Protein chains: 2
Amino acid sequence: PVEKGRNWGWLLSGFISLNALLLGIAIVSGSVFNKVQITSSHLLIFLILLVILSTVWMLYYKVHTSRVYRAVLYKDSHAGPVWLRTGLVLFGICSVIMDIFKIIFYVGRMNCESPVKIAFPVVQAVFVIVQTYVLWIHAKDCVQIKQNITRCGLMLTLSTNLMVWMMAVTEESLHQTVAPVKPPTNNNSYNDTLDGRAAASECECLHNMCDLFEKAYYYLYPFNIEYSLFASAMTYVMWKNVGRKMDDHHSHKLHFSLWDVLVGPLAGLIVLVAGLATFVVYEVDVSKDDPKKKEEALIMHYIMNIVAVLLMSSSALAGCILFRMDKREQVSGKNPTRSLDVGLLVGASLGQFLICYFTIVAVLASGVQGHTNGLNLACAMLTVIELCIQNAFLIKGLHREPFKETEVATVFANVMAVKERDPERRSSSIVPAHTLPIPLTLLQGRMSWKRRVLKEICAFLLLCNVTLWIIPAFGARPQFDNTVGPDVYEFQTWAAVVNIGMPFGIFYRMHSVASLFEVCLAA
Amino acid sequence: PVEKGRNWGWLLSGFISLNALLLGIAIVSGSVFNKVQITSSHLLIFLILLVILSTVWMLYYKVHTSRVYRAVLYKDSHAGPVWLRTGLVLFGICSVIMDIFKIIFYVGRMNCESPVKIAFPVVQAVFVIVQTYVLWIHAKDCVQIKQNITRCGLMLTLSTNLMVWMMAVTEESLHQTVAPVKPPTNNNSYNDTLDGRAAASECECLHNMCDLFEKAYYYLYPFNIEYSLFASAMTYVMWKNVGRKMDDHHSHKLHFSLWDVLVGPLAGLIVLVAGLATFVVYEVDVSKDDPKKKEEALIMHYIMNIVAVLLMSSSALAGCILFRMDKREQVSGKNPTRSLDVGLLVGASLGQFLICYFTIVAVLASGVQGHTNGLNLACAMLTVIELCIQNAFLIKGLHREPFKETEVATVFANVMAVKERDPERRSSSIVPAHTLPIPLTLLQGRMSWKRRVLKEICAFLLLCNVTLWIIPAFGARPQFDNTVGPDVYEFQTWAAVVNIGMPFGIFYRMHSVASLFEVCLAA
């Protein structure tokens, strides 16, 4: 049974996921480019099948596998942190509400739409409820029995979540192609959408509230997209943990008090308040349909972003310099959850990177006309720099040994002895402070300016990331309010880039907040 | 200096590559969707910059870094195998010829095209020559000095190769949009391409041989695409090996004689000859513009493929079953080159998977009319199954301990003693055969039927993969000769899928051949 690594269950589950996803991609592409032979009903039937299979597996896991004696011997303390599980529940609730709205909407048009359109939200709501419950309780499990079935089930669930995500992104993109005031000409797919929509509106609603519910459920799409990403990340970690024998590393309880630091949180709060204020003003101004107001709103939004990103870059850079100066050792052991953490962080940041680079190229191509475009360009470039520096800061921070108080004292008592000891035992070798030639408090005071600055930086960055998370999460889309993107690329391309990149960007900001919190504790 | 893993140079090089690639994607997208504001000249200038920087770094590495005392202490014996380096040289030569043709073509139209169009092939030819030379000599290096600069340089080279690949794929796709006899209507970008082409043909050629050279260099594109993929893979391995301290594991010299096996190679040769014959007939028939002949050619091609793939699936499945029966231990130690090998194998197979699934969905959507479509569907489905089984077979095979002759003898002499010994020392602990109660030759004969069958299977699969590699590599594109794909998806989407998937598919078959050879030796 020492057959570790790539065994048959591992391979089979990988192939299941691969095939489900690729088939899904082909069907989605078909339903986008050819609305006659591959309708959205085909896609929905495929999804319903996937969703039912995943739900059945999860129920089986909950009711049977997880109850067997010695099924779950270990729990991965890093997996499924509170912020991720809370986010999952919140977004899950929004997804269920979206499904209810969808059901009401399609019930109203039952006489002209396929019944599959009602069936899907029903099945999806059940899936979301079951999945949220199972992941909330079992996210930390390292399953030891029935490994092959569990692996396949988890991969099936992962594929289902990714497929739901893909469909939501596609639908959101297609929906947004109707949004612009000035429609791009000569755009075939665009006209198709319009035709489809025109045909659909001939269908009479049974309860006269279809329009309301349609609008409402489109607003809830972003939450469903986030939900799928969260669930995918958690399922993937569970899959990685199947059969894992944990080296029971005692997680240090680190204390944290906000009052250790002051400048960082205060500055961060100012940014947060300013961000929220400009966000509200922006949303009000943009909805007014007055081009001058719109431009003013955009300028304000860009200036706010530039200031925030500049401050964040410089503080993260300062943090990196502090890391270089501070010769604390790096964590050397391999930790799958940590490497996944870093991978997710960098992977999620790609979304924001993509949007920024597309913006930069678009603005440069259109010749940087006017203040708005200049600010847009500056904002995109600074964001790229900020993402690089912040990623470096977080990767470095996550790989450092947590600070141990006693190190300061013992290092002066007997430098050689400490160095020869292995790092785990260091904390138990406390030398009484009064034997030291220099007062301990003075030493700690001298050492801790670096730590205090690091904590200040983390707290500041944390609040800034919250700001940059709230603004897009609650629906600000300057990428569509500014016409330079749709003008340079075709509208569909631009919508695809923004709609794929944005959820990842939002996920990145949330993940950064969690990572910054961890770095702050360990600093 | 024990700061291993994610140090600053590692981070910096990653960010350089990330930024170069994302900027490149944005520019390529811009030049495809907007031919007015972002012309191909902009893209070429960006590429020239990248190519020059990479070339300069490689020259610096060759002339300076690699000559420093103790710069390269270790060589990774797994990196840059002969088949990869030979392929690199062959495709490199074709790429240089392509560049020369391009130069002649654009010199002929100097008075109406931008000079950048001549500059790029010149610079690219130099780059290809320098890179092929450097990679041929230094592919196995584990660089120990100037690690940060080397990492950044390698990542820059990697990004350059990927960008060149991306541009070649895009150009190939745009070129093929002119190919179909029945052009898709209402296709905006397509008309743009035609307009651009019409405008270009008004430009008079200075030496009257432009058409010839244009045709010639379009035929050489696939080789350039392959070259970029090969170079990317090798640069990535070099980057991974920077600063690596090798545990000098003595690579066992394994003998191989083709005459150990007979049935496998013979059957494989039959498939190879049949494949080549149908390929020649297919190419002749398809070029005839007679729809009936074309359909016959397609039917023949599909039948040939179905037979080959069926045989391959069943033999690979037999191999998997043999692996399950044979309880030989798996290699447990982590080996970066091997995991990269497996990653590349599965990653490259995604290309073929994608094409198959798009075909399946297209044929099903069009209602499976006629023999041709039925065969197409069967062929695509069987290929998916074959890819899964072959991948499983190769992954399992690459992770097995190589067979050691002496194991058989000692296992019977003293089972417990062998188990307690560490596996490295096993081969030195030869127990004289005459002390055994059972004659050694009889034991070996009994053991080796499994080994012989495995070798037969590997040899057969190897020749089949060569067959399936030759057919697309030399230009058979049934995906475009059969109209079902372009009919269901828009032509551009279909061309993009095939043109991105196909080079990966070809690479996959080559990589499979190399992996099968390795498995055959270790069996």
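# Reading a predicted two-chain model

Trainee: I see that the side chains of K288(B) and D285(B) meet in a salt bridge, with 3.8 Å from N to O; what counts as a salt bridge here?

Mentor: The term stands for a side-chain nitrogen of Lys or Arg within 4 Å of a carboxyl oxygen of Asp or Glu. Please keep in mind that this is a predicted model, in which local features need pLDDT of at least 70 and side-chain atom pairs count only at pLDDT 80 or more, while totals for chains, interfaces and linings use all residues. Residues are numbered from 1 along each chain as its sequence is written, chains are lettered from A and ligands numbered from 1 in the order in which they are written, and side-chain values use heavy atoms, with hydrogens and water left out.

Trainee: How many salt bridges does the structure hold over all chains, and are K288(B) and D285(B) buried or exposed?

Mentor: There are seven salt bridges over all chains. For the second part you need the relative accessible area, where buried means under 20%, exposed over 50%, and partly exposed in between, with a 1.4 Å probe and protein chains only. K288(B) is partly exposed at 45%, whereas D285(B) is buried at 11%. A pair in chain A reads in a similar manner: E113(A) forms a salt bridge with R109(A), with the closest N and O atoms 3.8 Å apart, and here E113(A) is partly exposed at 23%, while R109(A) is buried at 9%.

Trainee: Which parts of chain B does the salt bridge between R509(B) and E386(B) tie together?

Mentor: To answer that, one looks at the helices (H or I, at least four residues) and strands (E, at least two), which are DSSP runs numbered from the N terminus. The side chains of R509(B) and E386(B) meet at 3.4 Å, N to O. R509(B) lies in helix 17 (residues 491-522) and E386(B) in helix 11 (residues 370-398) of chain B, so the pair ties together parts that are 123 residues apart in sequence. Both R509(B) and E386(B) are buried.

Trainee: Staying with helix 17 of chain B, which contains H511(B), what is H511(B) in contact with?

Mentor: Contact means heavy atoms within 4.5 Å. Leaving aside neighbours within four places in sequence, H511(B) is in contact with W83(B), D341(B), L344(B) and L345(B); the relative accessible area of H511(B) is 3%, so this residue is buried.

Trainee: How should I read chain A as a whole, and how many helices and strands does it have?

Mentor: Chain A has 17 helices and two strands, and 54% of its 523 residues count as buried. Among its contacts between residues at least 6 apart in sequence, 88% join residues at least 24 apart.

Trainee: What relation links chain B to chain A?

Mentor: The copies are superposed by least squares on the C-alpha atoms of residues with pLDDT of at least 70 in both. Chain B can be laid on chain A with an RMSD of 0.1 Å by a turn of 180° and a shift of 0.0 Å along the axis, which is the relation of a two-fold axis. The same surface serves both copies, since 100% of the contact residues of chain B recur in chain A.

Trainee: What area is buried between the two chains, and how many salt bridges lie between them?

Mentor: The size of an interface is often given as the accessible area lost when the parts come together; here that buried area (1.4 Å probe) is summed over both parts. Between chain B and chain A it is about 4,700 Å², of which carbon and sulfur atoms give 70%, and 50 residues of chain B are in contact with 51 residues of chain A. The count of salt bridges between the chains is zero. Helix 1 of chain B gives the most to the side that touches chain A, with 13 residues.

Trainee: Where does V368(A) lie, and what is its phi?

Mentor: Phi of V368(A) is near 45°, a positive value in a residue other than glycine. V368(A) lies in the loop between helix 10 (336-365) and helix 11 (370-398) of chain A, and is partly exposed at 34%. K146(B) also has a positive phi, of about 45°, although it is not a glycine; K146(B) sits in the loop between strand 2 (141-143) and helix 5 (147-176) of chain B and is partly exposed at 33%.
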